[in-house]
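Trainee: I have a model open and would like to talk through how some of its helices pack. Could you take me through it?

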Amino acid sequence: MNPYTNEELLVQLRAGDRKAFLYLYELHKHGLFQYCLRLLRDGSLAEDALQQTFEKVFSKCSTVTNPSLLRSWIFTIARNEAFGLMREKSTDVSLDDDYVSTDPSALDMLERNEAADGVRSAIEMLSPGYREVIVLREYEGASYDEIARITNSTVSAVKSRLFKARCVLMERITRIV
Amino acid sequence: MNCGEYKEMISVYVDRELVDADAVALFAHLTTCAACRGHLNGMLTLRESIHASQRDDFPARLDQRVGALILGDRPAVPSAARSSAARVIRNKFSIPVSIVLVLLTMAVMGSVYVTSTYFPRHEVIEKNEKQLVYIMELPQVEVKGQAVDTKHIR
């Protein structure tokens, strides 16, 4: 049972209630970690991104006024942190949607892996722009509106990106499933 | 509407975000188009595969890191991100600092060169020596018939 409604949670967060922060963390930690992990493809960097996200949430939650936007606000912070780390790593920074990895070792791994691993590998081979909409929709169950807010995009762009990402995934996964 | 547009609509349909009017049009098309029916099956299978591939690989140590942050105890060991942030700061400022140092060095060397070119030290010394000799060799001045000793004049 949820100890807080969205409104109560926001009030408590703004008041600096540590229990409310822990609750917020428990509520979103899995989804945020998966999101960062899929974007960064590096476990330790995903951990750093999540920690930095909560540092920002902790210090800036007073700026949130609408309780229904809390989740998309946190995911937006996580996205910015993840892309910041990606830029530091200097790889994978392009959001070019047409990009799909053609790294032979990745392709080879895709061939060899079992179905579940193969699906994960296929998702990881997508461009960051495709990957994030797939993760937000399929793993986190975010609505089109939320994804548009998180990715600073429009609903129609989200629909289009999801469609294209799924077409790429279908093409790759039908070979292994 | 063509099959490409219906296929995009199928993607929205599997997300349960398709409005009723579009859903009616889509299903009318699906009754007559085997390719789009195949696409719908493919999309549904893909969704199942993605959900089945979901794995909870959440690291337990992260609870400690973030828990310490929330409860007020900062983690003692700096994270990889912080060290890489420091690296970025170093990289970001190392070039401007180097440029400033080079410019300062050039300015100092330039001023030394200009000083030595236009105000050579040996000429100044020579000039001073000549003035000294001149003062030392001042002739005795006669004032109203009295000789004045100029040796004490400096």
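Trainee: Is the crossing of α3(A) and α4(A) left-handed or right-handed?

Mentor: Happy to help, and keep in mind that this is a predicted model. The axes of α3 (residues 43–60) and α4 (residues 70–89) of chain A come within 9 Å and cross at roughly 135°. Angles over 145 degrees would count as roughly antiparallel, so α3(A) is oblique to α4(A). As for its hand, the crossing of α3(A) and α4(A) is right-handed.

Trainee: How do the residues of the contact of α3(A) with α4(A) divide into nonpolar, polar and charged?

Mentor: On the α3(A) side, the contact includes Leu45(A), Ala49(A), Gln52(A) and Lys56(A). From α4(A) come Ile74(A), Ile77(A), Glu81(A) and Leu85(A), among others. Taken together, the contact residues are nine nonpolar, two polar and four charged.

Trainee: How many residues of α7(A) are buried?

Mentor: Helix α7 of chain A runs over residues 128–139 and has twelve residues. Its buried residues include Tyr130(A), Val133(A), Ile134(A) and Leu136(A), and also the charged Arg131(A) and Glu132(A). The helix is mostly covered, and the number of buried residues is ten.

Trainee: Which helix of chain B is included in what covers the buried residues of α7(A)?

Mentor: Part of the cover comes from chain A, with α2, α6, α8 and α9 included. Chain B joins them with α3 (34–53).

Trainee: Which residue takes a positive phi just after α7(A)?

Mentor: α7(A) reaches 15 Å from its first C-alpha to its last, close to the 16 Å expected. Just after this helix, a positive phi of about 65° is taken by Gly141(A).

Technical notes: Residues are numbered from 1 along each chain as its sequence is written. Chains are lettered from A and ligands numbered from 1 in the order in which they are written. This is a predicted model: local features need pLDDT of at least 70, side-chain atom pairs count only at pLDDT 80 or more; totals for chains, interfaces and linings use all residues. Axes are lines fitted to C-alpha atoms, for helices over the stretch in contact, and angles run from 0 to 180 degrees between N-to-C directions. Helices (H or I, at least four residues) and strands (E, at least two) are DSSP runs, numbered from the N terminus. Angles under 35 degrees count as roughly parallel, over 145 as roughly antiparallel, 65 to 115 as roughly perpendicular and the rest as oblique. A crossing is left-handed if the near helix is turned anticlockwise from the far one by less than a right angle, and right-handed if clockwise. Two residues are in contact if their C-beta atoms, placed from the backbone, lie within 7 Å. The expected span of a helix is 1.5 Å times one less than its number of residues. A residue is buried if 20 or more other C-beta atoms lie within 10 Å of its own, exposed if 12 or fewer, and partly exposed in between; C-beta atoms are placed from the backbone.
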